[in-house]
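Biologist: Please show the model first. I will then ask about salt bridges, a sheet and a cavity.

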Amino acid sequence: MAGMNQHKRHPVAWCRGRAVFPTVLVWAGLVVGPLNLGAASAPIYARQGMVVSQCAIASRVGLEVLREGGNAVDAAVATAFALAVTYPAAGNVGGGGFLLYRPAQGETAAYDFRETAPAVAHERMFLKDGVYDSKRHHLSHQAVGVPGTVAGLHLAWRDHGKLPWRRLLAPGIRLAEDGFPVSYTLAGSLKNILPQMTNYPASLAQFSRRGAAFQPGDKLRQKDLANTLRRIAARGPAGFYEGETARLLTEEMRRHGGLITGEDLLSYQARRREPVRGSYGGLEVFSMPPPSSGGVALVEMLNILEGFDLRAAGMGSAANIHRVVEAMRRAFADRAKYLGDPDCNPGLPVDRLLSKDYAGELRAAFPAGRAGASSPQDVLDEKDSRETTHLSVVDASRNAVALTYTLEDSFGSRIVVPGAGFLLNNEMGDFNAGYGLTATNGLIGTLPNLAAPRKRMLSSMTPTIVTRDGELYLVLGSPGGRTIINTILLTLLNVADFEMNIQEAVDAPRFHHQWLPDQIVFERHGISPDTLGLLEREGYRLETSPYPQGFVCAIFLNSRTGWLEAGMDHRAADAGAAGW
Ligand code: DON
């Protein structure tokens with residue numbers, strides 16, 4: 001929160017961290033009260049443009065870009081580079097992700113900058129003497145995938161950006177060089193992660209004060225990261241995939257048995273992909289195609305649920321939870337069975353999974369009044385971590401960006417590249433661990449997502465843009481591993497079916513079912529005990545998670561008023577919406 005107060009004083013732009021400021025917008029002397037009187041919680045309003053991210057400092061960076069005439073892509077790129085400095089748990093240059101861009105006019109574009117496996121990767125690399133080696137899979141130099149973020153942000157900017165590339169890097173460089181105040185939340189997450197960094201001196205040096213934890217209000221300066229960002233600003237992707245940065249990264253790999261070579265870095269390519277398209281009632285949904293499973297699973301679930309009258313049964317009712325959970329179960333089984341990198345799996349049955357007919361067949365087979373069942377046999381042939389980050393931007397012309405990127409775990413591999421100041425991902429952990437390992441605990445061992453040279457690991461990231469009658473309606477995304485897909489589904493249903501304003505939709509309690517383990521995980525205090533009792537009697541196994549499910553950053557365009565409305569997740573203490 002330390003970084004927040006300065007935003008409160010900002011003369012033009014308006015920015016909120018948590019629910020600490022009144023829900024009114026003060027801009028140029030105009031005071032606008034909540035437009036939806038009677039709502040449980042009100043969104044943040046802006047007319048000209050809005051940036052919502054998990055860190056208020058970074059949102060303000062994006063807002064300044066919009067105010068200078070940059071478009072949504074410019075703002076998203078600048079915000080992402082700022083997050084790489086101010087939100088080191090997930091903001092990154094050493095990871096990867098996906099960006100969806102919907103211009104006010106023209107076709108929606110999807111950018112895939114998912115990490116790839118190094119050239120020497122193979123499908124048995126996470127087995128030791130035939131037995132699954134979780135440490136190598138998730139926390140080792142071999143868990144690092146070839147980073148995609150710099151290539152992806154640059155490709156999207158080259159296609160659509162307006163402001164100079166260097167301008168977009170400048171705030172990130174300044175924040176890394178001069179430092180920024182460590183918030184209460186960041187201090188806590190750094191304190192928690194330090195014991196896991198003891199084998200990595202460069203990580204300890206960057207994220208502690210000579211081994212002691214940062215206190216809230218301390219300044220975090222990252223000089224090596226500033227220099228890496230300067231090289232990227234000066235040379236574009238060549239400042240990362242070649243030269244000094246590449247040398248420092250590959251030396252770290254060589255010293256510690258990592259697999260990434262200079263050739264892996266040089267051959268990395270971000271890709272333009274055809275977005276997944278679906279519809280739900282009168283809404284058109286655009287989301288991420290493989291190698292993310294997010295868009296396909298989301299549209300499959302929406303297609304199934306379209307056949308029910310969710311509104312009549314009521315939000316949070318046992319009847320609706322039953323339907324939504326059964327849709328989740330089927331979409332996650334299909335995800336495990338069919339999905340992986342499309343470049344390595346020719347003929348993925350995406351069209352079938354997205355078809356209304358297929359959804360109708362699944363719906364017709366729903367069990368009435370009792371829980372369905374999941375089994376590893378469903379696919380015949382892990383654990384989720386909790387740090388990724390999403391940002392949503394809409395500019396004055398109503399161009400929109402949804403960008404989700406990640407290091408996989410919180411602080412990724414925990415490994416800072418010595419001399420280069422950035423954290424490496426541990427994304428190789430998103431490959432299936434080994435063939436045939438599918439088990440009731442959620443480990444998946446299907447073919448399409450086994451590791452292979454230069455292959456992209458399957459993701460659940462679901463940056464999504466929704467339109468109505470050809471006009472922008474909603475931009476949203478979230479972190480949360482496999483829970484991401486369900487978080488996006490529930491938030492969208494809250495707006496579309498239950499007519500919540502975007503803040504209410506984001507605040508509403510969430511739940512998750514991912515086929516295996518066969519259980520519904522609820523957020524604490526989300527659902528009434530008697531509703532839970534009804535579900536238990538239907539045969540569902542219920543769990544309560546002590547953690548929040550996702551952190552949604554969403555922007556809704558209210559067609560009635562023409563105003564943008566931000567839904568900012570109070571589950572993320574440092575999040576910020578900045579609009580003007
Ligand atoms: O790509 C994926 O689906 C995961 N690596 C995302 C990890 C994640 O969301 C963790 N964070 N909350």
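Modeller: A definition to start: buried means under 20% relative accessible area, exposed over 50%, and partly exposed in between (1.4 Å probe, protein chains only). This is a predicted model, in which local features need pLDDT of at least 70 and side-chain atom pairs count only at pLDDT 80 or more, while totals for chains, interfaces and linings use all residues. Residues are numbered from 1 along each chain as its sequence is written, and side-chain values use heavy atoms, with hydrogens and water left out.

Biologist: How many salt bridges does a search of the whole structure find?

Modeller: Side chains of opposite charge can pair when their charged atoms come close. The criterion is a side-chain nitrogen of Lys or Arg within 4 Å of a carboxyl oxygen of Asp or Glu. Searched over the whole structure, the number of salt bridges is 33.

Biologist: How far apart in sequence are the parts that Glu107 and Arg277 tie together?

Modeller: Helices (H or I, at least four residues) and strands (E, at least two) are DSSP runs, numbered from the N terminus. Glu107 and Arg277 form a salt bridge, with the closest N and O atoms 4.0 Å apart. Glu107 is in the loop between β6 (96-102) and β7 (109-113) and Arg277 is in strand β13 (residues 276-280), so the parts tied together are apart in sequence by 170 residues.

Biologist: Does Arg277 count as buried, exposed or partly exposed?

Modeller: Its partner Glu107 has 60% relative accessibility and therefore counts as exposed. Arg277 has 44%, so it counts as partly exposed.

Biologist: Which residue forms a salt bridge with Arg272?

Modeller: Arg272 counts as exposed because its relative accessibility is 51%. The N and O atoms of its bridge to Asp159 come to 2.7 Å at the closest. The pair links distant parts of the chain, 113 residues apart: Arg272 is in strand β12 (residues 271-273), and in helix α5 (residues 149-160) is Asp159.

Biologist: In which helix do Arg255 and Glu252 both lie?

Modeller: Their side chains meet in a salt bridge of 3.1 Å, N to O. Glu252 counts as buried because its relative accessibility is 4%. The two residues are three apart, about one turn of the helix, and both lie in α11 (residues 243-255).

Biologist: Which strands stand at the edges of the sheet that holds β20?

Modeller: Strands pair if DSSP finds at least two bridges between them. Two bridges join β19 (residues 511-512) to β20 in antiparallel sense, and four join β20 to β21 (residues 542-545) in parallel sense. The open sheet thus has mixed pairing, in the order β19-β20-β21. One side of each edge strand is left without a neighbour because each has a single partner, and these strands are β19 and β21.

Biologist: Which residues of β20 point the other way from Ile520 and Phe522?

Modeller: In a regular strand the side chains alternate between the two faces of the sheet. In β20 (residues 520-523) all four are buried; Ile520 and Phe522 point one way, and the other way point Val521 and Glu523.

Biologist: Which residue in β21 stands opposite Ile520?

Modeller: Glu523 of β20 stands opposite Ser545 in β21. For Ile520, the residue opposite is Leu542.

Biologist: How many charged residues are in the lining of the second largest cavity?

Modeller: Helices α15 (318-338) and α18 (483-496) each supply at least two residues of this lining. Ala, Val, Leu, Ile, Met, Phe, Trp, Tyr, Cys and Pro count as nonpolar, Asp, Glu, Lys and Arg as charged, and the others, Gly among them, as polar. The lining has 10 nonpolar and four polar residues, and the number of charged ones is no more than none.
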